[in-house]
Amino acid sequence: MTDSVRKIVTGAPWEEQFGYSRAVELPNGTVLVSGCTSVVGGAIADGGPYEQTVNSFNVALDALKQLGLGAEHVVRTRMYLTHARDVDEVGRAHKELFDEVRPAASMIIVSGFVDPRLVVEVEVEAYRSDAA
């Protein structure tokens, strides 16, 4: 990777433990945000699928904010959830956050996460159009 790749590290314990950045901005303006869960202040936040989704996207949006970007720059989202029964609640949270933006989106059912209390994990991709 070149020096023109910007990396955001938030200090979350898994970033250090597993050796990754919360977000990476490529020279072409593409920003990739790693999987985000409902971990706030180092602990899993209370709440069901809706609350976990809002918290998870807020973690991702906070990383984008460090790069001077916001929800309006989001071009793709991925939502991983452990139960199909949670689709409506996860989708409701997504709509509230991104209804005006309308990014490409995927919702995928998975078998589980690193902690069984987590029911949602999200990924975000954004684009800075003035990068060129």
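Here is an informal walk through some local features of this chain, from its salt bridges to its helices and loops. Keep in mind that the model is predicted.

**Salt bridges**

The model has ten salt bridges. The table lists some of them, with the separation of the closest N and O atoms.

| Pair | Closest N and O atoms |
|---|---|
| Glu25 and Arg6 | 3.3 Å |
| Arg92 and Glu96 | 3.6 Å |
| Arg102 and Asp99 | 2.8 Å |

Start with Arg102 and Asp99, whose closest N and O atoms are 2.8 Å apart. Arg102 sits in the loop between helix H3 (87-98) and strand S7 (104-109). Arg102 counts as exposed because its relative accessible area, 61%, is over the 50% cut-off. Its partner Asp99 is partly exposed, at 28%. Elsewhere, salt bridges with shared partners tie Arg6, Glu25 and Arg128 into one network.

Arg102 also has a backbone worth a look. Most residues other than glycine have a negative phi. Arg102, though not a glycine, has a positive phi near 55°.

Now for the pair formed by Glu25 and Arg6. This salt bridge links distant parts of the chain: Glu25 belongs to strand S2 (residues 23-25) and Arg6 to strand S1 (residues 6-8), with their positions 19 residues apart in sequence. Are the two partners buried or exposed? Glu25 is buried, with a relative accessible area of 5%, while Arg6 is partly exposed at 41%.

The bridge between Arg92 and Glu96 is a local affair within helix H3: the two residues are four apart in sequence, so about one helical turn separates them. Arg92 itself is partly exposed, with 36% relative accessibility.

**Around Val31**

Val31 is part of strand S3 (residues 30-36). Its relative accessibility is 0%, so Val31 counts as buried. Which residues does Val31 touch, leaving aside those up to four places away in sequence? The contacts are Ala23, Val24, Glu25, Leu64, Leu67, Leu69, Val124, Glu125 and Ala126. Glu25, one of these contacts, is also the salt-bridge partner of Arg6. As for Arg6 itself, its C-alpha atom is 9.1 Å from that of Val31, and the two residues are 25 apart along the chain.

**Helix H2**

Helix H2 runs over residues 49-66, and its length works out neatly: 18 residues at 1.5 Å a residue should span 26 Å, and the end C-alpha atoms are indeed 26 Å apart, so the two values agree. Plenty of H2 is buried, including Pro49, Tyr50, Phe57, Ala60, Leu61 and Leu64. Polar side chains appear among its buried residues too, with Gln52, Thr53, Asn55 and Ser56 included. Leu64 turns up again as one of the residues that Val31 touches. Just after H2, Gly68 has a positive phi of about 80°.

**On the surface**

Val87, Met107 and Ile109 make a nonpolar surface patch of about 220 Å². Val87 is in helix H3, and at 31% relative accessible area Val87 is partly exposed.

Finally, where is Asp130? Asp130 is in the segment after strand S8 (120-127). With 58% relative accessibility, Asp130 counts as exposed. Asp130 and Asn28 are 102 residues apart along the chain, yet 9.0 Å separates their C-alpha atoms.

Note on methods:
Residues numbered from 1 in each chain as written. Predicted model: local features only at pLDDT ≥ 70, side-chain atom pairs only at ≥ 80, totals over all residues. Heavy atoms only, no water. Buried < 20%, exposed > 50% of the residue type's maximum accessible area, 1.4 Å probe, protein only. Contact = heavy atoms within 4.5 Å. Patch = residues over 30% accessible without salt bridge, like charges linked within 9 Å, V, L, I, M, F, W, Y side chains within 5 Å. Areas by Shrake-Rupley, 256 points an atom, 1.4 Å probe, with all protein chains shown as cover. Salt bridge = Lys/Arg side-chain N within 4 Å of Asp/Glu carboxyl O. Expected span 1.5 Å × (residues − 1).
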